Structures are given as C-alpha cells and as structure tokens.
Amino acid sequence: MRFAFTILLFFITAIAHAQSDSVIVKENLIRLENALIAKNYQDMQKLLHNNVSYGHSTGWIQTKQDVIADCKSGKLSYHKIERSNMYVAAISKDWATARYTGIIEAVGEGKDIKAALHVLQVWVKDKKGKWQLLARQATKLPEQVK
C-alpha cells in the first residue's frame with residue numbers, strides 16, 4: 001500500500017509541476033511579445049535563447065542578435081500581437097511547446113504588415129532554470145486579414 005501511495009504521489013507531483021511550467025511558459029511568451037512591441041531589449045535578452053531560430057511566415061529566419069538589432073533599427077517594428085486558441089504543453093521538465101493563432105500588426109522595412117498567423121514555439125529551460133524561446137515558426141492562415 002505504501003508503494004502504491006508513493007507512486008501516486010510521484011505522478012501527482014509530476015502533473016502539478018508540468019502545469020506550473022506551462023503557466024510560466026505562457027507568461028514568458030506573452031512577456032516576450034510585449035517586449036517586442038515595447039522594444040524592451042532587456043527582456044528580449046532574457047527570454048530569447050542564444051541559439052534561437054525565429055522563423056516568420058515569409059520564410060525569413062532570425063537569430064537572437066537579428067531579432068534585437070532589427071527591432072532597434074526599425075527594420076521590423078511590432079505594433080500589435082493578438083493571440084487566440086493558445087495551447088502550452090510542458091513536454092518534460094526542460095522543454096515545452098506553445099501553439100496559437102493570432103493577428104500581427106507590424107511595419108517591416110517601411111511597409112505595413114497585418115497577417116493572420118498560426119505560431120508554433122519551442123521553449124527550453126536554461127542552466128538556471130529559466131524558460132527561454134529556442135524556436136518559433138509562423139505560417140499564414142488561409143483567411144488573410146484585410
């Protein structure tokens with residue numbers, strides 16, 4: 001009986017831990033997007049993994065340095081990011097995925113951008129136990145925003 005109780009307690013603890021990690025990843029995802037809009041480079045530094053692959057629906061891929069430099073220079077300036085249907089899953093204690101649909105409004109190389117997107121992100125824990133974005137890929141949804 002004691003063994004069964006120990007196993008049950010282990011699973012309950014693992015599930016609770018995964019749920020709290022999912023909440024933290026969701027909060028960090030929102031924090032990163034707010035940092036992109038507000039041009040908060042300090043938060044970008046903390047939340048983007050050094051080896052991040054930041055993929056756009058156009059096929060354009062950015063590194064951590066690219067994301068920050070392009071935001072600073074105005075090459076890409078985010079104005080609004082609306083999310084819906086967000087799903088975050090802590091797959092293990094060290095990595096999680098996030099998916100959502102959304103609408104993005106930005107200016108890229110002087111041109112207004114408004115697009116309906118589906119976004120997939122992969123988050124990992126760094127050596128200090130902080131969640132960081134390792135990969136992001138967006139695809140355009142069939143029904144484009146006008």
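**View 1. The largest pocket and its lining.** On a 1 Å grid over the protein atoms alone, a pocket is an open set of points with protein on both sides within 12 Å along at least five of seven lines, and a lining residue has an atom within 4 Å of a point. Grid points are joined across faces, edges and corners, and the space filled by probe spheres set on the points is the volume. By that recipe, the largest pocket comes out at about 390 Å³. It has 20 lining residues, and the closest to its centre are His56, Ser57, Thr58, Leu76 and Ile113. Strands S3 (76-90), S4 (95-108), S5 (111-125) and S6 (131-140) each give two or more residues; strands here are DSSP runs (E, at least two residues) and helices are runs of H or I (at least four), numbered from the N terminus. S5 has the largest share, with five residues. The lining splits into nine nonpolar, five polar and six charged residues, where Ala, Val, Leu, Ile, Met, Phe, Trp, Tyr, Cys and Pro count as nonpolar, Asp, Glu, Lys and Arg as charged, and the others, Gly among them, as polar.

This is a predicted model, so to speak a computed one: local features need pLDDT of at least 70, side-chain atom pairs count only at pLDDT 80 or more, and totals for chains, interfaces and linings use all residues. Numbering runs from 1 along each chain as its sequence is written, and side-chain values use heavy atoms, with hydrogens and water left out.

**View 2. The largest cavity.** A cavity is a set of grid points where a 1.4 Å probe fits but cannot get out. The whole structure has two of 30 Å³ or more, and the largest has a volume of about 70 Å³. Its lining includes Glu33, Tyr54, Glu82 and Arg136. S3, S4 and S5 each give two or more residues, with the largest share, four, from S4. By class, look for eight nonpolar, one polar and three charged residues.

**View 3. The second largest cavity.** This one is about 40 Å³, lined by Leu36, Gln62, Val67, Asp70, Cys71, Leu76 and Tyr78. Helix H3 (64-73) and S3 each give two or more of them, and H3 gives the most, three.

**View 4. Met86 in strand S3.** Met86 is partly exposed (between 20%, under which a residue is buried, and 50%, over which it is exposed; 1.4 Å probe, protein chains only), because its relative accessible area is 24%. Leaving aside neighbours within four places in sequence, Met86 is in contact with Lys26, Leu29, Ile30, Arg99 and Tyr100, contact being heavy atoms within 4.5 Å. Arg99 is 13 residues from Met86 in sequence, with 5.6 Å between their C-alpha atoms.
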